[in-house]
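Colleague: Please take a close look at one part of this model, namely the strands, how they pair, and what surrounds them. A connected account would serve me better than a list.

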Amino acid sequence: MTALNKSLGVSGVLPINDAAGAMVLSLEGYGRNAVLIFLFAFLLHLVLVRVIPGKDFKNVYLTAHLALYHACFMAVCLPTVLGTNDSVVIILIATVINALYYTLSPAITRKLAREWTGDAITLGFMDQVGSIVAHFVGKWVGSSDPDQDADKLKLPKWASMFRDNTVVLFFLMPIIFVGMGLAVGQKGIQELAGTGAEATNWIIWLIIQAWTFTAGIVILLQGVRMFVGSIVPAFKGISDKFLPGAVPALDAPTFFPYSPMGGMFGFLGSSVGAILVCILTIVLGSPVIVFPSPIIMYFDGNVMGVFGNKAGGWRGAIAAGFVTGMITSAAAILFYPLTGTMFGSGVTWSNIDYALVWMPLMYLLKAIAGIF
């Protein structure tokens with residue numbers, strides 16, 4: 001980010017939850033509030049799951065790291081939006097809002113995906129509301145013809161290897177990394193790659209970084225498969241006793257196996273959408289330059305592609321990824337200034353539900369606070 005901003009002469013932002021959350025947790029006062037919001041919201045969420053009637057609302061949001069990152073978002077946004085640093089007010093409002101979201105939003109993906117998940121799990125990834133957009137975009141652009149299903153496409157022999165997302169990442173990520181590197185320039189990247197006798201060629205360094213990212217994703221997906229294999233039966237034992245009928249709301253990669261090729265098409269569409277927004281923000285002189293986010297392109301893109309493919313085949317998957325990728329990236333222009341002390345840090349939060357749910361809600365709360 002530093003190298004890109006310096007080379008392009010802009011003040012850009014990268015939507016990436018992990019970095020944004022880590023920065024907030026390191027800030028005195030904000031980190032404490034974030035952790036308290038995280039804990040209280042989850043406890044209230046469990047109470048709501050227990051008392052709210054209706055099968056679709058019996059979901060437990062188990063994606064703890066995203067819940068923590070989101071608590072960080074609330075901890076820095078609400079003081080700016082509400083115009084107060086009163087920790088009690090901030091923690092109380094954030095706890096209630098977050099608990100409602102964790103309880104209600106997974107019902108969306110549970111209902112949309114019930115036919116192909118067997119109602120065993122649902123999504124808990126800040127993409128639940130976005131899945132509605134992916135579903136209808138896929139439905140309108142694509143076709144419900146089973147032959148159009150991305151996972152049933154007859155690919156040429158040379159292209160059959162691209163059914164494996166590891167292979168797709170292996171070829172695609174170096175293109176993205178080298179593209180970003182070219183934007184920075186040889187000098188800027190070489191400084192990152194090192195100088196002197198042990199320095200790595202700047203292009204080789206970018207390719208190695210891309211393949212390191214790919215390797216990390218492979219490890220992550222393997223871990224998720226192990227996690228799901230353990231958590232679903234374990235959770236059933238707990239839910240039968242304390243939360244009858246509840247299913248776990250889990251991380252994005254748990255949905256990838258339901259349509260591997262649909263996810264890949266969504267990833268490709270999302271990448272194009274995010275890169276296009278980046279170019280437009282630079283060309284049009286936007287006050288906030290939004291750089292392509294790996295979280296949006298890969299994780300959101302895959303999820304949106306799965307829902308788009310289930311609704312409209314491979315064309316639906318590409319369109320769902322493209323549309324949601326553009327929406328998610330473009331929304332950062334509007335909600336980045338609301339992030340208080342994080343504004344100007346170069347990082348902000350990603351995922352499409354920040355565009356569809358949290359940005360509008362923050363502006364609504366700001367308007368209400370302005371009235372009073």
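**A buried loop residue and the two sheets**

Modeller: D119 is buried, with a relative accessible area of 14%, where buried means under 20%, exposed over 50% and partly exposed in between, with a 1.4 Å probe and protein chains only. The model is predicted, so local features require pLDDT of at least 70 and side-chain atom pairs count only at pLDDT 80 or more, whereas totals for chains, interfaces and linings use all residues. Residues are numbered from 1 along each chain as its sequence is written, and side-chain values use heavy atoms, with hydrogens and water left out.

D119 lies in the loop between α6 (106-117) and β3. Its phi is near 60°, a positive value in a residue other than glycine. Helices (H or I, at least four residues) and strands (E, at least two) are DSSP runs, numbered from the N terminus. On the other side of β3, M126 belongs to the loop between β3 and α7 (130-141). Its phi is likewise positive and near 60°, again in a residue other than glycine. M126 is buried, with a relative accessible area of 0%.

The strand β3 belongs to an open sheet of three strands, ordered β2-β4-β3 with parallel pairing; two strands pair if DSSP finds at least two bridges between them. Because β2 (59-61) and β3 (122-123) stand at the edges with a single partner strand each, one side of each is left without a neighbour in the sheet. β2 and β4 (residues 247-250) run parallel and are joined by three bridges. Y61 has A249 of β4 as its bridge partner.

A second open sheet of three strands has the order β5-β1-β6, also with parallel pairing. Its edge strands, β5 and β6, each pair on one side only. Two bridges link β1 to β5 (residues 289-290) in the parallel sense: I289 is the bridge partner of G12, and V290 stands opposite V13. Two bridges also link β1 to β6 (residues 347-348), again in the parallel sense, with V347 opposite L14. Both faces of β1 (residues 12-15) are covered, since G12 and L14 on one side and V13 and P15 on the other are all buried.

Turning to the helices, α11 (residues 260-283) has 24 residues and reaches 35 Å from its first C-alpha to its last, close to the 34 Å expected at 1.5 Å a residue; the expected span is 1.5 Å times one less than the number of residues. G285 follows α11 and has a positive phi, near 70°.

Two packed helices are described by the angle and the distance between their axes. The axes of α10 (residues 202-242) and α12 (residues 294-335) come within 14 Å and cross at roughly 35°. The contact is made by F213, I217, L220 and L221 of α10 together with P294, Y298 and F299 of α12, contact meaning heavy atoms within 4.5 Å. Axes are lines fitted to C-alpha atoms, for helices over the stretch in contact, and angles run from 0 to 180 degrees between N-to-C directions.

One further buried position is A94, in helix α5 (residues 87-104), whose relative accessible area is 0%. Leaving aside neighbours within four places in sequence, A94 is in contact with I37, M74 and L78. The C-alpha atoms of A94 and M74 are separated by 6.2 Å, although these residues are 20 residues apart along the chain.
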